[in-house]
Amino acid sequence: MPIYAYQCSACGHEMEALQKMSDTPLTDCPVCHASTLVKTVTAAAFRLGGGGWYETDFKSGNKKNLASNDAPSAACGTGACPACK
């Protein structure tokens with residue numbers, strides 16, 4: 001089951017919920033009890049590294065072997081994410 005991130009637009013409370021994809025989205029904030037919870041966009045929590053079918057079968061040319069240490073950083077450039085620090 002996926003983990004969804006929510007944020008209350010009334011009080012700013014942030015939370016995560018383990019839900020089925022078919023479940024209806026949560027709406028009630030557990031802190032302020034307002035019906036203002038909205039799903040937030042988050043990044044995937046894993047990265048496939050090393051060799052394997054995802055590395056060798058679906059990439060071509062210089063796109064192979066992205067797990068090497070000389071790969072460019074994925075930093076956003078704002079200083080706000082862990083990759084920038």
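User: In what order do the elements of the protein chain run from the N terminus on?

Analyst: The model is a predicted one. Starting at the N terminus, the order is β-β-β-α, and the protein chain accordingly holds three strands and one helix.

User: How many of the 85 residues count as buried, as a percentage?

Analyst: For the protein chain of 85 residues, the buried portion is 13%. The exposed area of the chain comes to about 6,700 Å², with 57% of it supplied by carbon and sulfur atoms.

User: Which residues make up the largest nonpolar core?

Analyst: In soluble globular proteins, nonpolar side chains tend to be buried together. Here the largest nonpolar core has six residues: Tyr 4, Tyr 6, Cys 8, Ala 17, Cys 29 and Leu 37. Strand E1, which spans residues 3-8, gives the most to this core, namely three residues.

User: Which residues is Cys 29 in contact with, leaving aside its neighbours within four places in sequence?

Analyst: Cys 29 touches Cys 8, Cys 11, His 13, Ala 34 and Leu 37. Cys 8 and Leu 37 are also among the residues of the core.

User: Is Leu 18 buried or exposed?

Analyst: A residue counts as exposed when its relative accessible area is over 50%. Leu 18 has a value of 55%, and therefore it is exposed. Leu 18 lies in strand E2, residues 14-18. Together with Met 1 and Ile 3, Leu 18 makes a nonpolar surface patch of about 360 Å².

User: What percentage of contacts between residues at least 6 apart in sequence join residues at least 24 apart?

Analyst: In the protein chain, that portion is 21%.

Terms used: Residues numbered from 1 in each chain as written. Predicted model: local features only at pLDDT ≥ 70, side-chain atom pairs only at ≥ 80, totals over all residues. Heavy atoms only, no water. Helix = DSSP H or I, 4+ residues; strand = E, 2+ residues; numbered from the N terminus. Buried < 20%, exposed > 50% of the residue type's maximum accessible area, 1.4 Å probe, protein only. Contact = heavy atoms within 4.5 Å. Areas by Shrake-Rupley, 256 points an atom, 1.4 Å probe, with all protein chains shown as cover. Patch = residues over 30% accessible without salt bridge, like charges linked within 9 Å, V, L, I, M, F, W, Y side chains within 5 Å. Salt bridge = Lys/Arg side-chain N within 4 Å of Asp/Glu carboxyl O. Core = buried A, V, L, I, M, F, W, Y, C linked by side-chain atoms within 4.5 Å.
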